[in-house]
Amino acid sequence: MDSKTDLLLQSHLEGTRRWFLGRVGLGIGGLALSSLVGDQGFGQTASPGLLSTPHFAPRARRVICLHMAGSPPQQELFDPKPLLKELDGEPCPTHLIDGETFAFIKGHPKILASPFQFSAHGESGMEISELLPHLGEVADELCLIRSMHTDQFNHAPAQLFIYSGSPRFGRPSMGSWLTWGLGSMNQDLPAFVVLVSGSKTPSAGKSVWGSGFLPSVHQGIQCRTSGDPVLYLGNPGGINSDTRRRTVDAIQELDQIAALRDGDPETLSRIEQYELAFRMQASVPEVMDISRESPKTLEEYGAEPGKSSFANNCLLARRLVEQDVRFVQLFDWGWDIHGTAPHDDIMTQLPKKCRETDQPIAALLKDLKQRGLLDDTLVIWTGEFGRTAMNEERNGSKFLGRDHHPHCYSMWMAGGGVKKGHVHGATDELGYRIVKDPVGVHDLQATILHLMGIDHERLTYPYQGRDFRLTDVSGKLVPGILA
Amino acid sequence: MLIPTVAGLSLLISSSLLPESIDTPDFTSEVRPILSRQCLPCHGPDAATRKKDLRLDMKDQLLGVIDAGSAESSPLFQRISSEDPELRMPPPDHAKALSNQEISILKQWIDAGAAWEEHWAFIPPVMPAAEWNTQQHPIDVFIEKKITASGLSANGPASAEVLIRRLSLDLIGLPPDPERVSRFIEEYSRDPAATWKLLIEELLASESFGERWASAWLDLARYADTKGYEQDGMRNIWPWRDWVIQAFDRDLPFDQFTILQLAGDLIDTPNESSRLATAFHRNTMTNDEGGTQNEEFRVAAVVDRVNTTMLVWQGLTAGCAQCHDHKYDPLSQVEYYQLYDFFNQSEDADLNSEAPLLKVLGNAEKLLLGDAHQQVEKAQEVLDQAARALVISDPEAAPAEAGALEEIAFSGKMPALCQTQVDGKKSEWPWVQAPPDAPEEIHRVIRQSAPEGQTRQVFFERSLHTHVAAQGDRYHIDARIVEPPEWMLLQVRLADPTVWEHRGYWGTGTFAHGVDGTESLLFQGELPTTGDWVHLVIDAESIGIESGKIVTGIAMTQQGGVIEWGGVRRESSQPTERDDLFSFSAFVDRWGEDPSDLFEPRIRQAIGAIHNKTDDEFDLETWWKQQISIEGRRLLIAQQQLLDQAMKRQVEVEAMAVSVPVMAQLATEKLRSTHLLRRGSYLSPGDPVAADIPQFLPAIDEASARNRLALARWLVSPRNPLTARVHVNRVWEQLFGTGLVETLEDFGTQGALPSHPQLLDWLALTWQQEDGWSHKELLRRIVTSDTYRRSSRRTPLQQRIDPDNRLLSHATRVRLPAELVRDQALAIGGILSPKKFGPSVYPPQPDGVWQVVYNGSGWKESQGEDRVRRSLYTFFRRTAPYPSMLTFDAPTRDVCTPRRIRTNTPLQALVVLNDPVYIEAAAGLARWSLAGSNDLTRAIQRAFQRATCRQATPQELKLLMDLTDQQKQVFQLDPASAHSFLESGRWTLEESQNPIDAATLMVIANVLLNLDEVLVRG
């Protein structure tokens, strides 16, 4: 850039910044300053986000969220219920069905015991299913919540509820709120990255990482393991990096002429965005290239370069947080264990999904720990709701399966700021309702924001006449899980 | 640096711009925002959270805690300024104290007499006094007044190049082509005013006009081609999108546009078009997921209709009141469900079928149907003519009677549609006059000679007439052997797969076809004697012609020798019904229905009599047998077949109708009882409510029924203070980048104040009263102002004083909306398809974008021109919208989106740099620029001009030439890259074109399409 352009840029930026900062003094709350002054795309560190300083000292700086789309059955994985064994095959007590609405169960369903064994792990003695042997090895890192509950019992609304605080479409997702509030920590990579495995996107589609009414720059960027890792990242055939550099130079030089002529600061911003785009063309493929990992690491994760798998995504998640990507969201499809056929039953599909995910998740936790990243990275594992204590038996199916169940489910967190080797809350003997320390979806969100240094009631955005926030109008911090 | 566009911001700007007096704070712009923000959460419209039953949003109650003229003695001021935590408002444990500045504003306002004003948007607009002369445009007078007051000065008009591009993009969403630009510049230099007006009229009348304005309406209507939610299945609602395009093209006045979309099923004379219009509110989502409660999602759809209607027409955020009284606007939860009742009476119920549905044809299919109608009429006309010409004496054409012989090969009469072949070659029939000694019935014969050892055949590919074989049929052959052949043979063809495999022969030797001794080649006897006429007879069944088979052809074959074949006749043991041609009853069936145009009155009457089974003296059958020639009948039948085809096509086209979900009112006895839903939950109904309008808005006509139609009429009645303001504001935003009220989505008390309230009112009123709600008139009114035509160049002073250009001292540069970014690139590349209307299309998108749970549908890339249609035709899937649209800030269309927030991100750069669509456009631009010449400099100038509508400056040209030189060298060293890049752009060069130059020029075109100046409307 020549000095004249530089001067123009300076004067515009300064003028605009001063103007806004002057207004801030007036005490206008909730204004999205980041999108006005500092937020020039996710590559900037100079003005990180709305909150120049967090509300509290953050315990976690990054989040990896592992979502098992379809919702795994808690009875098979994290919440052992011996009473189910005794009642297996019996018609369930009527209080389980009185006034209840089910997605698929009809008539009077029968109790279904888990066919899998649980055993105590680690010093904490946390009971974990035989389906998750690798996770058992890191039980002492986990903060298991057996008392999650939700309002929603269909996939799309339930997923939206967890990630946007509302079961309806149109609200910003958690990753968007966080990056909007906290900004990005990396010059060359998106602050909010999404990785999908199981060959399907989640039920609620891209809205679970959408930016809603927040500026679209805060939406999650889906990085893909085949084709361009980010859409349109690759140059067209015949254009190599040198040629792209020359063309971007030419675009920028012509835009500078236009900026001087038209005096529009937005033109200067565009010049920067083209620069970032060019840098991403190198940095994104690099971070997405797991073949740079040692054979040992690959083996620990069960990752194979070039494949599309949950294991690869776990390894990518570590590579991304290592580069200080703020929020990494993994979706793995295939956990909707209804038991209509072997592809969605407890005996075939569930063990298969566990095999695909158990080792990589344990490897991820160990790897983060070994690299000193687990202390300030929050890892979250969850589905969108629980599953019934009863066998679904849809249309008389002989395969074992469980229907959707909103009243209780299990999830766990690990790392930045949560208790280790801890079990929070409990369900009744049938694993049907919560009997101790219930945690609602908004409570979980409030707690995650808290761990990131944010007061969930104070991260708000004015839209259509009211101040919106991730936790809508409720949400209470769950102190019991904080380290 | 983003242009600030976030809600609430304009409140700041406005408050710095609006106050007319320095000393007395303005209630609307300064006092109310403080009360609203600080006090109303507990002392506002929401009864549930209201403390001490005090409402500070209501005049009487507010003034009740104020001593007008004395802040010190006003309880309100005492409380907000108190140091005592027990007294201070807001309570210290609840919120921070008011700032000193806020307290000071309230004090000054009370001291000055506490003048109250209703919220501006709920007061009907008032026509401002005319402060302009006939030479002035009122818009300019309103705008310039404020510019002058701010100490800024307004820019002069933009250059002609900028103006034509601006107006084209704004009015039709496409850039002007270079020839039009040149002509405009030339004419504009001579007579700017007249030339500008001409251009406006040309664009308003353009075929592309409706597409551009429909595109903006689709966000409001949350239009998508899928149902949403998890399954996100397909939905046929694109005919409604085409309805909107046509409505804008035809300039349907906005009041009608409103009534038809909200209540086209309830108007006095609903028709297909008005019912189709109601699909507006069927763009709500439908949940197909197994096990969902239909009622839950029906309620969600009704709620969405209330919220959307209030947003689109009233600029109000009613949605808040779904769960509780509105916190800021005077809308109670009861009133919300009164509005809800208007929409709660339609048939739809979140069914997977999406019923009720309306079957409609797309516009293209309507044209096809018109064509089909024409074809039918034409065929009918030709048929009529043929029928009139067909009465030809033809006494020989008699039907078969039992025992009689009928000609099935030839008798000297050539059937009209017969074809003949001899030895596989078409040739003239070797007819000769029948010799005197021939049997009586024989008039002409075919004399066929074959060289020794060779075969000759006379084929009647179609028998003289097609007939159905009956039991006991025999074939009679008359022939005379002139020179003996080795053998002679009759072959019969059936209409089934055995075709010709039915033969009887006389003589010795073998034929190349058939199996000797079977029905495919059956010995009939020794050769007859030479020289005499002989009569040979074959039993039809012996060669496999079973009863019921349809005989379609006859052949007479010989090896060697010379034979005079005299014909083949069929002897049937019983009279037979034959096909249409020979069946009298078939004739009557076919022509009896409506013989009026076909025959002379006497015959018409007779046909009618037969058909109606009444006796008539006239013997129609005799007439038919004797008077209508076989040839004539054939013509008639052939024409009838054409007519049948045309009618079949008509039916086919009619079957292309798609079923569009529409609104339909429940029958009176089925009307739902509407209840307030506690916390918005359909499982918690509260008190019953009946349709009505919230109190703070003008009342609905008492006399009218309380249905959607009444609501729609109320929205566009002159009494409604909001509808016109909200819509002119929306149009203003499209033309200036920011609305006069920046928060398009909120005209309530939390929304931004208008930057130019009088201008807004003037526009709203003139639009209703003088322009008759005409969208085109409104546009004409705005774009004829000087304000619209100003240059967009911004001075540092303007930037400092008014960085958002709310004063409009210059034109605002606006990044094009997502659809236009792509459409413009296709247009500049010369590859944009002009095809309008029809089902949504699937332009190329990267693999893997569509991976939707439980829905196997894939993205089947469109072929041909459907790849490059305008973006509003791109298939819109709610869970996976077209990625580049999202990147450029298009919403996902789950709910009504009144305003897009523009961003500027690296992902946008990646799209325009690398998306194959833009590479193809670059190739198109390069190809056009070369235009048969090899002069690269000239081509670059042409490309630059086409992309920007202006000439490149020497500095810009040099920059591009430098890049050209460098890039040429790169491609020369690596020609494979050049070819590969051309391939990326799907550019197949002509032989005379140099690939290095072409690829280099494509690189330049790629640069041009990415320029800020191109992506932005200047």
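Is B:Arg893 buried or exposed, and how many C-beta neighbours does it have inside 10 Å? In this predicted model, B:Arg893 counts as buried, with 24 such neighbours. The residue sits in the loop between helix 29 (883-887) and helix 30 (906-914) of chain B. Its phi is positive, about 65°, although B:Arg893 is not a glycine.

Chain A has a residue of this kind too. A:Ser71 has a phi near 80°, again a positive value in a residue other than glycine. You'll find A:Ser71 in the loop between strand 1 and helix 3 (74-77) of chain A. A:Ser71 is buried, as 25 other C-beta atoms lie within 10 Å.

**Chain A and its strand 1**

Stepping back a little, chain A has 483 residues, and 62% of them are buried. Its secondary structure comes to 13 helices and 17 strands. Of the contacts in chain A with a separation of 6 or more, 74% link residues 24 or more positions apart.

Strand 1 of chain A (residues 62-69) is a good place to look closer. Eight of its eight residues are buried, so the strand is largely enclosed by the rest of the structure. In a regular strand, side chains alternate between the two faces of the sheet. Here both faces are covered: A:Arg62, A:Ile64, A:Leu66 and A:Met68 are buried on one side, and A:Val63, A:Cys65, A:His67 and A:Ala69 are buried on the other.

What does this strand pair with? Strand 1 of chain A runs parallel to strand 8 of chain A (residues 377-382), and six bridges join them. Within that pairing, A:Arg62 stands opposite A:Thr377. Strand 1 of chain A also pairs in the parallel sense with strand 7 of chain A (residues 327-333), over seven bridges. There, A:Ala69 has A:Trp333 as its bridge partner.

**Two helix pairs**

In chain A, helix 11 (residues 310-322) and helix 12 (residues 349-370) cross at roughly 15°, and their axes come within 8 Å. That angle makes helix 11 of chain A roughly parallel to helix 12 of chain A. The contact includes A:Phe310, A:Cys314 and A:Arg318 from helix 11 of chain A, and A:Thr357, A:Ile361 and A:Leu364 among the residues from helix 12 of chain A. The crossing of helix 11 and helix 12 of chain A is right-handed.

Over in chain B, helix 31 (residues 916-930) packs against helix 35 (residues 995-1009) at an angle of about 120°, with the axes 8 Å apart. So helix 31 of chain B is oblique to helix 35 of chain B. This crossing, between helix 31 and helix 35 of chain B, is right-handed. Among the residues that meet are B:Tyr918, B:Ala922 and B:Leu925 in helix 31 of chain B, and B:Leu1001, B:Met1002 and B:Ala1005 in helix 35 of chain B.

**Helix 15 of chain B and the cis bonds**

Helix 15 of chain B (residues 294-314) has 21 residues and, at 1.5 Å a residue, should span 30 Å; its end C-alpha atoms are 29 Å apart, which agrees. The helix is mostly covered, with 18 of its 21 residues buried. Just after helix 15 of chain B comes B:Gly315, with a positive phi of about 60°.

Chain B also has these cis peptide bonds:

| Residues joined | Omega |
|---|---|
| B:Met89 and B:Pro90 | about -10° |
| B:Ala355 and B:Pro356 | about 0° |

B:Pro90 lies in the loop between helix 5 (75-81) and helix 6 (100-111) of chain B, while B:Pro356 is in the loop between helix 16 (333-343) and strand 1 (357-360) of chain B.

Key: Residues are numbered from 1 along each chain as its sequence is written. Chains are lettered from A and ligands numbered from 1 in the order in which they are written. This is a predicted model: local features need pLDDT of at least 70, side-chain atom pairs count only at pLDDT 80 or more; totals for chains, interfaces and linings use all residues. Helices (H or I, at least four residues) and strands (E, at least two) are DSSP runs, numbered from the N terminus. The expected span of a helix is 1.5 Å times one less than its number of residues. A residue is buried if 20 or more other C-beta atoms lie within 10 Å of its own, exposed if 12 or fewer, and partly exposed in between; C-beta atoms are placed from the backbone. Two strands pair if DSSP finds at least two bridges between them. Two residues are in contact if their C-beta atoms, placed from the backbone, lie within 7 Å. Axes are lines fitted to C-alpha atoms, for helices over the stretch in contact, and angles run from 0 to 180 degrees between N-to-C directions. Angles under 35 degrees count as roughly parallel, over 145 as roughly antiparallel, 65 to 115 as roughly perpendicular and the rest as oblique. A crossing is left-handed if the near helix is turned anticlockwise from the far one by less than a right angle, and right-handed if clockwise.
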